[in-house]
Amino acid sequence: MNTVNPETSTEAATPNTVIKVTGVLPQENYEVVVGRGLLAQLPALLGERVKKVLVIHPRALRLTGDTVRDELEAAGFTALTAEIPDAEEGKHIQVASFCWEVLGKNDFTRSDAIVAVGGGAVTDVGGFVAATWLRGVKLVNIPTSLLGMVDAAVGGKTGINTAEGKNLVGAFHPPAGVLVDLDTLATLPPNELISGMAEVIKCGFIADPVILDLIEANPEAVKDPASAVLRELIERAIAVKAAVVSADLKESGQREILNYGHTLGHAIELVERYSWRHGAAVSVGMMFAAELARSVGRLSDADADRHRTILDLLGLPLSYRRDRWQALLDGMKRDKKTRGDLLRFVVLDGIGRPGILDVPDQSLLFAAYQEIAS
Ligand SMILES: NC(=O)c1ccc[n+]([C@@H]2O[C@H](COP(=O)([O-])OP(=O)(O)OC[C@H]3O[C@@H](n4cnc5c(N)ncnc54)[C@H](O)[C@@H]3O)[C@@H](O)[C@H]2O)c1
Ligand SMILES: O=C(O)C(=O)C[C@@H](O)[C@H](O)[C@H](O)COP(=O)(O)O
Ligand SMILES: [Zn+2]
């Protein structure tokens, strides 16, 4: 990891960083490369057996998608693009079906590949298409949002939404590699960068307190896509995620900690019909989890209050509508961590000390919600 003096420095001349993800099977091992100008690495990542590549990208990133296709064509691949609806609209069964149709009509075989280029929504649905086409073909992720870089493109969770909730259909399908090209952040809207910071902060709370210290010391530098401090945060967050998924790819236990703030967060996204950014919803979800942990005596006042301080410092939301409690509760019941009637939450016993809280008593949840409701 490139530790830097953050205030003024940029990271433009920093060499690429490689973070390894390991698994039980050989195909679960891959590298996340962080740097600039990384497209040149794509042909080697795909390998010589791959002849055809489908580049899946959102409409909003047509230029980037076309650039990737052209680079692949120049390297001798047959490359096609599938342009899909932007953001959460893309995480839909009809979009997956459209991609399957393109793959079928163009005779994609098991030795061909998919490259997902875009934010987390695109790597989620592109990954789902890769996981399901012929029961699994090679996938390379090129995340272009901060959230995609630090979280969605890494770890092999792929999926789509259904009318009942977020990510309810999906598969674990690790990519063959992830190219985190920091050049792509130049065009990312500021609110999307802030949304991605919520997942970075999540990694700080569950595993790496240095992340929190860096943000508190440099609240402006973290919003600058060229800053050295942002790069260090990206690498630290990826390192947290890589370590967790290397230990527990299929979420049989430890991986649940990456869901910190998501039980309420996903319910807010559903209630808001996906008009909220994922990171914004997770921010409120972390506030809720902190209040819950405080209320049962697991988290100190100081550590719970630090949630408010740091999320507020970046302008992330801290509260949600009081009158939506019942709808939120209904949404939370469909969370994947739920077992029967038992709602389960990732909570902290301290910064960097995540655990699970089983909640059979809904009045406990309601009381904690009152602390963040507006
Ligand atoms: N699979 C996982 O482990 C995992 C982890 C975290 C989040 N997610 C999922 O990721 C999604 C959120 O990802 P997101 O925040 O990247 O949202 P997103 O994919 O909707 O992208 C956000 C917006 O930014 C635009 N965009 C992306 N890169 C850009 C760029 N470089 N320049 C200009 N515009 C750009 C997109 O087109 C979109 O409009 C959610 O669906 C969430 O559930 C998945
Ligand atoms: O990788 C994981 O595991 C996570 O939980 C990361 C989350 O940030 C991400 O939003 C994930 O998609 C949530 O997964 P879900 O299983 O709760 O749908
Ligand atoms: Zn998330």
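Okay, let's start right at ligand 1: one of its oxygen atoms is 2.7 Å from a polar backbone atom of Gly120. I'm calling that a polar contact, meaning a pair of N or O atoms within 3.5 Å; within protein, one must be able to donate a hydrogen and the other to accept it, and residues adjacent in sequence count only if both atoms are side-chain atoms. Before I go on, this is a predicted model, where local features need pLDDT of at least 70, side-chain atom pairs count only at pLDDT 80 or more, and totals for chains, interfaces and linings use all residues. Residues are numbered from 1 along each chain as its sequence is written, chains are lettered from A and ligands numbered from 1 in the order in which they are written, and side-chain values use heavy atoms, with hydrogens and water left out.

Back to ligand 1. Glu88 puts a polar side-chain atom 2.9 Å from a ligand oxygen, and Lys241 does so at 3.0 Å. On its own ligand 1 exposes 850 Å², and the protein buries 92% of that (Shrake-Rupley, 1.4 Å probe; for residues, only the protein chains shown count as cover).

Who is around it? There are 27 residues, and Asp86, Gly120, Thr144, Ser145 and Thr187 come nearest; a residue is in if one of its heavy atoms lies within 4 Å. By class, that shell has eight nonpolar, eight polar and 11 charged residues. Ala, Val, Leu, Ile, Met, Phe, Trp, Tyr, Cys and Pro are the nonpolar ones, Asp, Glu, Lys and Arg the charged ones, and the others, Gly among them, are polar. Domain 1 (17-188) and domain 2 (191-371) each give the ligand 1 shell at least three residues, with bounds from an automatic or database domain assignment.

On to ligand 2. Around this one we have 13 residues, with Asp151, Lys157, Lys241, Arg255 and Lys336 coming nearest. So which classes make up the shell around ligand 2? One nonpolar, five polar and seven charged.

For contacts, Lys336 has a polar side-chain atom 2.4 Å from an oxygen of ligand 2. Lys202 has one at 3.0 Å from a ligand 2 oxygen, and an N or O atom in the Glu199 side chain is 3.1 Å from an oxygen of ligand 2. Ligand 2 alone has 430 Å² of accessible area, and the protein covers 93% of it.

And where does ligand 2 lie relative to the domains? Between them, because domain 1 (17-188) and domain 2 (191-371) both give residues to its shell.
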